[in-house]
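Student: I am new to this structure and would like a close look at one part of it. Could you walk me through its nonpolar interior?

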Amino acid sequence: MNGRRPLVAAAVFLAHGALGVLSLAPGVGFGDSGELVASAATLGVAHAPGYPLHSLGAHLVGTLVPLAGWAWRTNLFSALCAAGAAAVLVDALLLLGLGLVPALVGALSLTLSPPWLRSALGAEVFSLHWLLAAACVWTLCRFRERAFDERPMALLGLLLGLGGANHQTLALAVPALLAAAWTWARPAPVRAWRGLAFLTGFALLGLAAYAYLPLRARASPPLDWGHPVDLPRFLHVLLRRDYGSFALTVEGAQGGRLGGAAAQLGRWLGEAVRGFGPGGLLLALLGGWALSRAKERRPELLLAGLLALFCGPGFLILGNPPFDALTTGALERFQPLSWLALALLAARGTELLGARLPSAALTALLLLPCGRAFAAAGGWSGRGDYAAHDYGRNLLRSLPRRAALFMDGGDDTFYTLAAAVYGEGLRGDLALHDRGGLVFRGAYGPDFRRLPRAQKERRRVEVEERMALERPVFYSTLRDEIVPGRALALAGILRRLEPSGSAAFETPQGPALWEAYALRFDEAKARAHYRYRALVPLYPLMEASAFAARGRRPEALLLLRSALRLGPDVLWLGPSVSRAAQWAGWLAGEAGDWPAAERAYRLALDAAPGDGEAGANLAVAFEKQGRFEDAERAYREAVAKTPTPAAWHNLAALYWGRGRWAESADAFERALALDPGDAKLRAWRDEAVRRSRR
């Protein structure tokens, strides 16, 4: 088999590469994809820690393969890295003495898993991450007893350094790699220290790729996150201080250390079952049992066990990320690093079965990963995936010439526009700014990021009002008011800043925009990807607001319900649908159509069951229809959720109108407890008490 190893590795690379090219996303994707496209195209500085190796590698491939646009070329770079990782992994398994079928079963269980394929077919840093991690494992498998020699340690150090210049979580693999190398080589102290010195020196050489950040930032590229031109700003980006240097998210999961660790371990096991597959996981367990019984293979068991532990549950316990749908969707890309260990174990498990199964039955095990990949193709294939591309283009369609767009959060807005404007060179007439002052060049001054929160908001308002004197100002936001006293008119999926004192309405071009928008999305992908479910409902949500503004309230409510169906677990959607439905209900109430208002407020409560304001509004709709018992019940539920002076006042007024003086006095008393300075409430309370004593 050793003589055929290069041919096998080449065949695996070509097969995975062909699959990647045939299934490649044609344009920009969701999440960080657009930012990485723009960074590759312009040699920019991406979000912390900058990802210099990915920017350089993708730029090189995109320059050498000048086909299509930069989004497709950056996607191609990911696919080639993933194919390279598959080939390197298969070769590493063959170097351990495994047969062809066991090596393929182990490797394909990983490289044909849906989470691997989803990241391999779009602009992501993870394919390069996996390639470098697989190369580290290959180095140990290649040299084993000589792992602590100078050349293997130099190679391993260089790979780890370069890997750290792409994705810093590769550091979690170091304990497993060094423990396995030590167990294989059993070096004498002098040899060990010499090997570690070579490892460290070449790791620093690989990490020198971070010099790209200050060197490139000095040229002020279009994408220049953190502008790391001096040591403090460089360290701020390198150490991810905006996110928390040693945490995955700013806020960890709820619960104590022990409970959180157990929950994260359960999360990793669940993701392994879903991603690596039940069959692959059973083979891995069988392989672990087989390795534990063979003393000469203990280094393999140590490598696999520690790699799985540190890069899987250990990573999750360190970050302790929450269990919401957004975080769970983002974590999917981090899992395959720990599954490298499962691939090794699954190969050994297949080898064990091979001693007891006929060759045809053993070969049939290849159907496990291949069959799973085929069955789930609708969720991972990027072919025909234009949803994020269309969103970026629809944003550009919404903006007239020389407009200014201020983005009030939303990675998909930031990054699809970055790919279109910086990567593809579209719409140079626009002024694009994000209100956080991070992604696009700031409009708020070089000191903006250092200002306190209140001063930041004042600076934003001053700059945006001043810019509105020179050009049309638009916002990408879900808020109804950003600049005090200035209405935000509906303009398709954007909002336009209107003159002071204007009422909110739909801009004249709004209806035409909805006819011009393209929206191509696949429901199978929406079920598989949280990012899909988090963006696509924006369209019906914003169009519902437009319908409500035109008085077409039934259509507005239908659209809002469709938005909820598209993204039932999307964190921002429920509150946003609730606000939009309440606005539709208010418009219906203003028109005297209280049954329509009731339907709108019921929808608002369906979208956000804990929203006391929606419950209080529903109670008003009941009261206006003379349904006093329903109104009382709705008020009671509303004040239990969100006790506000207004809700208690309305309930007190309801009791007053029914002559229930003691209950009215009690409700006024509760309103006063929340707003003790309201003299009118006090007078009404006193009168209700007086009448209750008659």
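Student: Which residues touch the most other members in the largest nonpolar core?

Tutor: Happy to help! This is a predicted model, where local features need pLDDT of at least 70, side-chain atom pairs count only at pLDDT 80 or more, and totals for chains, interfaces and linings use all residues. Residues are numbered from 1 along each chain as its sequence is written, and side-chain values use heavy atoms, with hydrogens and water left out.

A nonpolar core is a set of buried Ala, Val, Leu, Ile, Met, Phe, Trp, Tyr and Cys residues joined through side-chain atoms within 4.5 Å; buried means under 20% relative accessible area, with a 1.4 Å probe and protein chains only. The largest such core has 157 residues, and Leu140, Leu177 and Phe440 touch the most other members. Its top contributor is helix α4 (residues 70–95), which gives 17 residues. Helices here are DSSP runs (H or I, at least four residues), numbered from the N terminus.

Now zoom in on Leu140. Beyond its neighbours within four places in sequence, Leu140 is in contact (heavy atoms within 4.5 Å) with Ala147, Leu156, Leu177, Ala180, Ala181, Trp184 and Leu303. There is also a second, separate core of 54 residues, with Leu564, Tyr601, Ala607 and Phe668 among them.

Back to α4: where it meets α2, the residues in contact are Leu36, Val37, Ala40 and Ala41 from α2, and Trp70, Ala71 and Thr74 from α4.

Notes:
Buried < 20%, exposed > 50% of the residue type's maximum accessible area, 1.4 Å probe, protein only. Helix = DSSP H or I, 4+ residues; strand = E, 2+ residues; numbered from the N terminus.
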